[in-house]
Amino acid sequence: MTGTKRQKKTKSVSVYAPAPIQAEKETHILAVLVNNEPGVLARVIGLFSGRGYNIESLTVAETDQDQHLSRITIVSTGTPAVINQIKAQLDRLVPVLEVSDLTVETAYVERELALVKVACSGDKRIEALRSADIFRARAVDSTLESFVFEITGTTEKVNAFIDLMRPLGLVDVSRTGIAAISRGKDPIGA
Amino acid sequence: MAKAKTKKEDEKVASIDAKKQPKEMTGAEMVIEALIEQGVDTIFGYPGGAVLPIYDEIFKQKKIKHVLVRQEGGALHAAEGYARSTGKVGCALVTSGPGATNAVTGLTDAMLDSIPVVCITGQVPTFLIGTDGFQEADTVGITRPCTKHNYLVKDPDELASVVHEAFHIARSGRPGPVVIDIPKDVQFAKGAYTTKEKAVMHTHYQPPIDPDMEAIEKAVELMAEAKRPVFYTGGGVINTGPGGSVELRELVKLTGFPITSTLMGLGAYPANDKQWLGMLGMHGTYEANWAMHDCDVMINIGARFDDRVTGRIDKFSPNSKKIHVDIDVSSINKNVIVDLPILADAERAIRAMKEVWKKKGYKSDQKALGEWWKQIDHWRAKNCLAYKKDKKVIKPQYALERLRHFMEKDKRDCYVTTEVGQHQMWAAQFLPFNEPNRWMTSGGLGTMGYGLPAAIGAQMAHPDAFVVDVAGEASILMNIQEMSTAVQYRLPVKIFILNNQWMGMVRQWQELLHGERYSESYTESLPDFVKLAEAYGGIGLRAETPDELDDVIKEMMTTDRVTIVDVLVDQKENCFPMIPSGKAHNEMILSPDADKFDKTLV
């Protein structure tokens with residue numbers, strides 16, 4: 001065998017072709033209607049992790065109790081080809097009834113809810129309340145040292161509010177992720 | 001899953017018509033009843049604590065034949081072999097924990113090659129789930145990404161329905177494996193049996209079947225205008241059933257176009273026809289790959305642009321219009337962007353193309369097609385599968401040519417399975433595949449150890465056929481225990497080992513791409529395969545020189561028991577032609593170029 005012979009350093013080799021050049025990434029909001037059965041969320045999430053797709057946010061709850069249907073709203077980022085693959089891969093899962101790409105298919109409204117805890121005293125309390133008022137955030141809990149604000153809106157608005165609270169004593173944030181729905185009279189998949 | 005009926009509703013129905021009341025039975029009884037109703041005649045499995053109630057029912061009946069494998073991995077591959085050689089759903093039965101985890105490789109294999117398989121796994125009783133009970137594993141969690149769908153059944157009233165739905169899902173659309181995990185207490189519990197007709201299904205699960213006729217008409221128009229067309233077909237044409245192959249032959253004859261196919265699609269079009277270019281891809285023929293590269297219209301039917309087929313994506317068939325027929329929406333535009341996607345069952349799409357071609361009176365551009373065939377003949381003249389003959393050492397290609405010779409003379413139906421590696425590629429290149437469902441190989445997953453159990457599955461389905469597993473000496477050792485299964489059921493499976501003492505494909509890559517550093521690819525101590533076969537109760541034969549080969553193959557063709565043929569072949573032979581990784585179809589290397597091959601380039 002020739003293994004002992006010193007070899008010139010070769011370029012790293014792979015049994016696979018080189019990675020293709022990536023196109024620009026886009027962010028899309030997908031609405032997915034599924035049968036609410038055990039493991040359905042794991043199927044959806046497993047598909048994203050197994051195939052290397054991104055999840056920016058994901059919300060899920062049962063939306064039709066009679067038919068046991070849940071609606072999952074997923075915000076994902078990827079090249080147009082990847083986004084198309086995500087839709088196709090979701091579509092072929094057995095418990096998935098409908099996949100709708102709100103970003104390209106229709107006009108839509110999106111909302112996110114956040115609970116923002118701020119611990120402060122003195123002037124900062126007044127400033128926090130004033131800022132909350134401007135953002136139409138409601139105080140849903142209050143102690144002498146803290147507030148919990150509830151704010152809804154687009155992700156940008158929620159981000160702006162959180163940034164504003166940071167110097168005033170932000171200690172904790174809980175966000176729901178985006179829920180979205182198409183404008184107009186038609187339901188999903190119509 | 002749709003709801004099971006509540007008890008109240010059930011009682012109501014019962015009082016209206018006592019005769020229509022569903023039969024009550026135990027979960028284990030339901031499983032057998034449902035399998036019989038689904039037409040299962042053979043099941044491959046291995047018993048264990050969590051499936052004993054089902055095994056008890058198997059003991060009590062005669063309609064389903066159980067084949068006891070020697071490791072659960074073998075059961076899944078055998079079910080695959082059974083499924084691929086019959087077109088029916090293969091069926092396996094394993095226990096919880098290690099039984100299920102051993103089945104995972106076979107499930108993944110079936111997933112990647114779209115083979116319909118239903119695997120029933122036992123599970124610890126429902127009240128023990130989540131407690132790390134003895135032989136407990138999260139089977140649905142583990143198998144979720146490697147199955148088309150899976151179930152954990154906790155309610156005996158749902159069990160029969162789930163089994164029926166599992167078969168429906170396994171065989172419809174793009175076929176695949178389905179797991180049903182059944183806790184032991186559910187196997188004991190009594191419930192209402194649901195017949196196949198009354199089974200509650202995921203009603204929306206209706207994969208597309210019929211093609212969009214507008215797209216078909218556009219496709220046929222493109223085909224009629226084509227100057228350098230090529231058909232590129234895959235496993236989808238096999239999976240759609242024997243009708244797909246019949247329609248394909250008619251369409252190819254009608255148009256006069258050349259046709260190539262993937263590893264999975266071999267047999268759909270007869271290899272002895274002059275329009276056949278041979279297999280394409282990494283070890284495909286020169287003419288097939290060049291035709292793919294230079295074509296102006298590519299008609300992909302039931303293939304998925306796998307990376308072993310396309311080579312470098314950005315240089316893949318740069319000047320062609322691509323038509324892609326596939327039943328799986330996620331296969332379209334996944335690796336290669338196509339011009340005309342058609343979401344449909346392969347057989348129906350081909351028939352529709354054929355009918356439109358006839359109805360509109362299309363004719364191929366004979367002049368252009370003549371030029372194209374002239375070019376193809378020029379590529380063919382390279383004789384890319386040629387190899388240096390040797391009088392003293394058996395060349396693996398020569399061994400397969402001799403096997404081919406005797407198979408062609410044999411009157412029996414011939415089924416070929418393979419393991420994975422060089423021998424697999426040589427088998428694809430040199431053996432005759434003229435009918436669908438006769439060729440079983442692990443294409444997508446590349447599972448060493450697939451061939452022997454798959455051959456057992458095929459032989460169970462076709463007891464009078466000639467079934468041969470073309471193997472390498474490394475692969476065969478991965479599931480050698482299934483020799484014992486073949487002996488137990490008197491299956492005369494032949495194992496044709498091309499023994500070069502190396503993991504040949506690994507060795508080839510190390511030689512060509514890793515500076516001849518042969519890291520761990522040589523097997524220092526191999527068993528004596530002749531004695532090994534005899535130890536199991538089979539027959540062992542050996543050929544060491546070319547002049548011994550014919551007699552050994554002749555003898556192998558007539559044995560009535562499992563037979564290992566140990567063919568000692570050239571240790572240094574490489575598999576050519578070859579598209580090195582990161583290269584395009586027109587950059588393939590042939591055997592004579594191998595010495596000149598710049599090993600630092602890849």
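These are my notebook entries on two chains, A and B, of a predicted model.

**Entry 1, chain A.** I began with the secondary structure of chain A and found five helices and nine strands. Following the sequence from its start, I wrote down the order of these elements as β-α-β-β-α-β-α-β-α-β-β-α-β-β. I then looked up the overall dimensions: the C-alpha atoms of chain A fill a box of roughly 80 × 50 × 30 Å along the principal axes. The radius of gyration of chain A is 23 Å, whereas a compact globule of 190 residues would have one near 16 Å. For burial I noted that 26% of the 190 residues in chain A are buried. Of the contacts in chain A with a separation of 6 or more, 74% are between residues 24 or more positions apart.

**Entry 2, chain B as a whole.** I repeated the look-up for chain B, where I found 23 helices and 20 strands. The C-alpha trace of chain B spans about 80 × 65 × 45 Å along its principal axes, and its radius of gyration is 25 Å, which agrees with the value near 25 Å for a compact globule of 602 residues. Buried residues account for 55% of the 602 residues in chain B. When I took the contacts in chain B between residues at least 6 apart in sequence, 77% of them joined residues at least 24 apart.

**Entry 3, a helix pair in chain B.** How do α16(B) and α23(B) pack against each other? Helix α16 of chain B covers residues 396-409 and helix α23 of chain B covers residues 546-558, and I recorded an angle of about 40 degrees with the axes 10 Å apart. An angle of about 40 degrees is neither under 35 degrees nor within 65 to 115, and the two helices are therefore oblique to each other. Their crossing is right-handed. On the α16(B) side I listed B:Tyr398, B:Ala399, B:Arg402, B:Leu403 and B:Phe406, which meet B:Pro546, B:Leu549, B:Asp550, B:Ile553, B:Lys554 and B:Met557 in α23(B). Sorted by type, the residues of this contact are eight nonpolar, no polar and three charged.

**Entry 4, B:His462.** I went next to B:His462, which sits in the loop between α18 (451-461) and β17 (466-472) of chain B. Is B:His462 buried or exposed? I counted 19 other C-beta atoms within 10 Å, and because burial needs 20 or more, B:His462 is classed as partly exposed. Leaving aside residues up to four places away in sequence, B:His462 touches B:Ser85, B:Asp413 and B:Tyr415. For B:Asp413, which is 49 residues from B:His462 along the chain, I noted a C-alpha separation of 8.7 Å.

Notes: Residues numbered from 1 in each chain as written. Chains lettered and ligands numbered in written order. Predicted model: local features only at pLDDT ≥ 70, side-chain atom pairs only at ≥ 80, totals over all residues. Rg over C-alpha atoms; globule rule 2.2 N^0.38 Å. Buried ≥ 20, exposed ≤ 12 C-beta atoms within 10 Å, placed from the backbone. Contact = placed C-beta atoms within 7 Å. Axes fitted to C-alpha atoms, helices over the stretch in contact; angles between N-to-C directions. Parallel < 35°, antiparallel > 145°, perpendicular 65-115°, else oblique. Left-handed = near helix turned anticlockwise from the far one by under 90°. Nonpolar A, V, L, I, M, F, W, Y, C, P; charged D, E, K, R; others polar.
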